[in-house]
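Trainee: Could you take me through one helix and the partners it packs against? I'd like a close look at that part, plus a sense of how far to trust the model around it.

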Amino acid sequence: QPEPTPAIRSGSMTPKTLPPQKRAREEAQERDEADCSGGCGERRAAAAYPAEPGPWRCTKCEKLIGCEVIARRGREYERGVVQQRDRNSQLLVQWWEEAATGSNEKGLAPEWVAERHAALAAPADGERVRRGMAVLAEWVDGRFYCATVQGGAAQARVLLQFEDGLRYEAGLDALRPLLDKPLLQAAHSPPSSAVREPRSSLQRMLPADLPSARAAGYGPLAQSMDRLEAVWRCSGTWRVEHEVADICGLFICRDFLSPAEVAAFRLVFAAHQGWAMYQWGTIGRKKELASILQRIDFGLEEMTAEGVAAQSKSFTRAIGRHQQRLIQLLEARMRQVFALAGLWRECDVNMMQLSQIPGGQCLGHHFDRRDKWQEGIASVAWSETAGQEDSRGDEWTLGMQCGPSNNVQRQVQLPMPAGAAYILSKRAQGRTAWCSRHKVAHESCACCWQHGVWNEKTALTRQSITMRVYDEEWGREASSPGPG
């Protein structure tokens with residue numbers, strides 16, 4: 001019986017018929033093209049990498065594995081060490097606390113993070129920073145947030161825009177270029193335990209002069225509000241003084257905010273931009289004090305900001321979701337602490353004003369428009385930085401004056417500690433409904449009180465939040481007389 005002929009397929013030879021030299025070359029190639037030990041799946045070519053015994057790593061794995069990075073964890077960015085890469089450009093990150101100690105006491109396992117959500121922990125090389133580049137930037141709270149480079153700024157700094165719209169100037173040492181350009185227009189996929197927030201390409205392209213409340217990204221403002229809610233006291237014991245100095249409708253709580261709450265409020269203020277400057281001349285015996293104020297007004301679209309003439313341009317902004325969170329926190333505590341004042345019984349706060357008065361300056365005696373706001377104006381204040389004796393800041397003065405400037409009948413100066421809150425209502429507020437002569441707008445009378453703020457004894461900026469309820473029927477119908 002004849003012997004079978006060896007099969008030949010597609011012009012190639014079976015292993016049994018390969019010449020010895022070709023068989024040796026193929027075996028060497030299979031040995032040299034082993035997978036990268038970093039886990040990325042890259043194979044080593046024999047031409048580029050001569051055969052070497054033992055495992056090998058590709059160039060990128062060699063640079064990243066074991067290196068410290070700042071990577072996305074939930075909605076925030078934290079430090080960690082890269083342990084491995086995979087075929088989908090993801091990094092297995094052991095978070096910094098566990099990586100540094102070598103322990104895992106909290107039970108936190110390493111997590112996979114996309115390279116586009118991670119950056120090397122080493123500061124950026126200035127030559128690599130370009131306009132439009134996506135980076136991680138360190139903000140005033142010491143945390144990193146995703147931002148886009150807008151251009152250069154003075155003193156070798158860089159102008160950035162965070163995902164929530166906030167613009168910020170930073171030095172090169174605060175920047176960390178991302179390993180891969182992130183898809184900022186696409187929604188991230190945080191773990192189920194994190195809050196998923198809507199994000200769109202339209203919101204990414206909002207003009208820089210629009211309020212940060214209109215942007216949907218997670219940035220310094222959202223983080224600052226999370227920190228405030230974490231330290232906020234929902235219950236406690238507060239001491240309230242009412243009818244202070246025999247002024248009808250004046251209520252004061254001197255320990256309204258704790259030091260931790262004040263620290264969180266400072267970051268909330270730092271996360272806002274677009275402060276408008278208002279100046280009402282100078283006051284004092286020698287005109288030595290400037291009546292000046294920086295502020296941001298949030299409220300109804302048709303509402304004109306307090307102290308702005310109707311024909312002038314109003315800078316009132318719509319209340320965003322983070323401002324609404326802030327209002328809800330303060331409004332709930334104001335109602336609880338100042339229960340005797342009967343605040344806003346049939347309505348909710350629809351206006352919030354953030355204010356800053358520099359040290360050595362003041363806001364002179366005035367009425368908030370007497371027929372525009374409903375009963376009850378609530379304010380709380382602290383200093384921009386810690387004072388020498390109180391971490392919440394320095395003392396300031398609440399001035400109350402009854403009677404017009406040319407016929408002052410009574411003046412009261414009330415020292416107020418940082419963190420104090422106060423309510424103006426009835427004649428302390430000067431509402432038309434409580435005025436014996438039913439004065440409107442900013443008209444003076446002899447029965448109601450004007451108020452002012454003096455910050456001249458400190459170099460620290462006074463920060464405050466004021467909440468009011470806008471009377472939506474204002475100007476549509478005549479004010480009815482109230483109790484005389």
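Mentor: Sure, confidence first: the protein chain has a mean pLDDT (the predictor's confidence in each residue, from 0 to 100) of 80, with 74% of its residues at 70 or more. Residues 7-15 fall below 50, and beyond near neighbours in sequence that stretch has four contacts in the model, a contact being heavy atoms within 4.5 Å. Residues 182-216 are also below 50, yet this stretch has 57 such contacts. Where pLDDT is low, the predicted coordinates should not be read in detail.

Some ground rules: this is a predicted model, where local features need pLDDT of at least 70 and side-chain atom pairs count only at pLDDT 80 or more, while totals for chains, interfaces and linings use all residues. Numbering runs from 1 along each chain as its sequence is written, and side-chain values use heavy atoms, with hydrogens and water left out.

On to the helix. The protein chain has eight helices and 23 strands, taken as DSSP runs (H or I of at least four residues for helices, E of at least two for strands) and numbered from the N terminus. The one to zoom in on is H5, residues 220-231.

Take its contact with H6, residues 259-270: the two axes come within 9 Å and cross at roughly 170 degrees. Axes here are lines fitted to C-alpha atoms over the stretch in contact, with angles from 0 to 180 degrees between N-to-C directions. That makes H5 roughly antiparallel to H6 (over 145 degrees; under 35 counts as roughly parallel). H5 passes H6 in a left-handed crossing, that is, the near helix is turned anticlockwise from the far one by less than a right angle. On the H5 side you'll find Leu 221, Ser 224, Met 225, Arg 227, Leu 228 and Val 231, meeting Ala 260, Glu 261, Ala 264, Phe 265, Leu 267 and Val 268 of H6. By class, that is nine nonpolar, one polar and two charged residues.

Now H7, residues 321-337: its axis lies 10 Å from that of H5, at an angle of about 20 degrees. That makes H5 roughly parallel to H7, and this crossing is left-handed too. Here Leu 221, Ala 222, Met 225, Asp 226, Leu 228 and Glu 229 of H5 touch His 322, Gln 323, Arg 325, Leu 326 and Leu 329 of H7. Those residues divide into six nonpolar, two polar and three charged.

Methods. Parallel < 35°, antiparallel > 145°, perpendicular 65-115°, else oblique. Nonpolar A, V, L, I, M, F, W, Y, C, P; charged D, E, K, R; others polar.
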